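Visitor: I'm new to this one, and I'd like a close look at a single part of it. Could you take me through that part slowly and then show me what surrounds it?

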Amino acid sequence: SNIHKIAETGKNGVKLLMSESTNALNPGFSMSESKVEAELGEIFARKKGRIIVATFASNIYRLKHIVETCRKNNRKIALFGRSMENNIEISIEGGYIKDNNIFVSSEVANTLPPEEVCLLCTGSQGEPLAALSRIAKGSHKQIKLAPTDTVIFSSNPIPGNNLSVSKTINALYLQGVEVFVNN
């Protein structure tokens with residue numbers, strides 16, 4: 001953190017500072033969001049099959065980057081998970097995400113060529129009932145994995161979730177898809 005900038009901002013009358021604390025006790029720095037965006041862009045540019053991205057639905061900045069990456073790579077997005085749908089809707093209403101036409105229903109996504117589709121879903125923490133876990137287990141009603149699919153975990157596991165995340169990754173590998181863990 002830039003302590004001097006925070007102190008200067010505080011002199012201007014800030015009454016509340018809210019920040020993420022998930023890895024606050026780990027020494028060093030978190031990866032810049034611009035680096036995450038660049039890595040996502042590289043994966044999207046290389047992969048020709050369907051891409052499935054799991055991330056925190058509450059990370060609006062990340063969602064915006066994923067939408068922009070899909071736009072640049074001519075991919076439509078189907079949303080899976082109630083919190084993902086709700087946060088995308090809030091992001092559109094708030095003007096953070098401007099391209100509303102990029103979103104399609106799961107039915108439409110299933111009719112498009114795989115290279116034109118991105119599935120944006122919940123489940124990056126291995127939650128058993130989340131969309132990605134059900135997709136990985138083959139129990140999702142609308143999505144069945146194909147060997148040409150690529151799955152991206154675009155978040156770090158919260159401490160304590162490593163085992164459930166690993167189980168989801170293993171289930172994906174058993175389905176024959178390529179998996180990226182993109183922090």
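Is the crossing of helix 2 and helix 3 left-handed or right-handed?

Guide: The crossing of helix 2 and helix 3 is right-handed, meaning that the near helix is turned clockwise from the far one by less than a right angle, where anticlockwise would make it left-handed. Before we go on, bear in mind that this is a predicted model: local features need pLDDT of at least 70 and side-chain atom pairs pLDDT 80 or more, while totals for chains, interfaces and linings use all residues. Residues are numbered from 1 along each chain as its sequence is written, and side-chain values use heavy atoms, without hydrogens or water.

Let's find the pair. Helix 2 covers residues 33–46 and helix 3 covers residues 60–72. Helices here are DSSP runs of H or I with at least four residues, strands are E runs of at least two, and both are numbered from the N terminus. The two axes come within 10 Å of each other and cross at roughly 30°. Each axis is a line fitted to C-alpha atoms over the stretch in contact, and angles run from 0 to 180 degrees between N-to-C directions. Helix 2 and helix 3 are therefore roughly parallel, a label for angles under 35 degrees (over 145 is roughly antiparallel, 65 to 115 roughly perpendicular, the rest oblique).

Now for the residues that touch, with contact meaning heavy atoms within 4.5 Å. From helix 2 come Glu33, Val36, Glu37, Leu40, Gly41 and Phe44. Helix 3 answers with Tyr61, Arg62, His65, Ile66, Thr69, Cys70 and Lys72. Sorted by kind, this contact has six nonpolar residues, three polar and four charged. In that sorting, Ala, Val, Leu, Ile, Met, Phe, Trp, Tyr, Cys and Pro are nonpolar, Asp, Glu, Lys and Arg are charged, and the others, Gly among them, are polar.

One of those contact residues, Ile66, gives us a way out of the pair. Asn100 is 34 residues from Ile66 in sequence, and their C-alpha atoms are 13 Å apart. Asn100 belongs to the loop between helix 4 (82–93) and helix 5 (106–109). With a relative accessible area of 44%, Asn100 is partly exposed; under 20% would be buried and over 50% exposed, using a 1.4 Å probe and protein chains only.

Just past helix 3, look at Asn74, in the loop that leads to strand 2 (76–80). Asn74 isn't a glycine, yet it has a positive phi of about 55°. Its relative accessibility is 63%, so Asn74 counts as exposed.

A few alanines help with the rest of the tour. Ala146 sits in the loop between helix 6 and strand 4 (150–153). Setting aside neighbours within four places in sequence, Ala146 is in contact with Arg50 and Val177. Ala146 is partly exposed, with a relative accessible area of 25%. From Ala146 to Pro114 is 32 residues along the chain and 9.5 Å between C-alpha atoms.

Ala130 is in the loop between strand 3 (117–121) and helix 6 (131–137). It counts as buried at 11% relative accessibility, and it touches Thr122 and Gly123, not counting residues up to four places away in sequence. Ala171, in helix 7 (residues 162–174), is buried too, at 19%. Its C-alpha atom is 36 Å from that of Glu93, which is 78 residues away along the chain.

Finally, step back to the whole chain. It has seven helices and five strands, running α-α-β-α-β-α-α-β-α-β-α-β from the N terminus. The C-alpha trace spans about 55 × 35 × 30 Å along its principal axes. Its radius of gyration is 17 Å, which agrees with the value near 16 Å for a compact globule of 183 residues; the radius is taken over C-alpha atoms, and the globule rule is 2.2 Å times the number of residues to the power 0.38. Buried residues make up 39% of the chain. Of the contacts between residues at least 6 apart in sequence, 80% join residues at least 24 apart.
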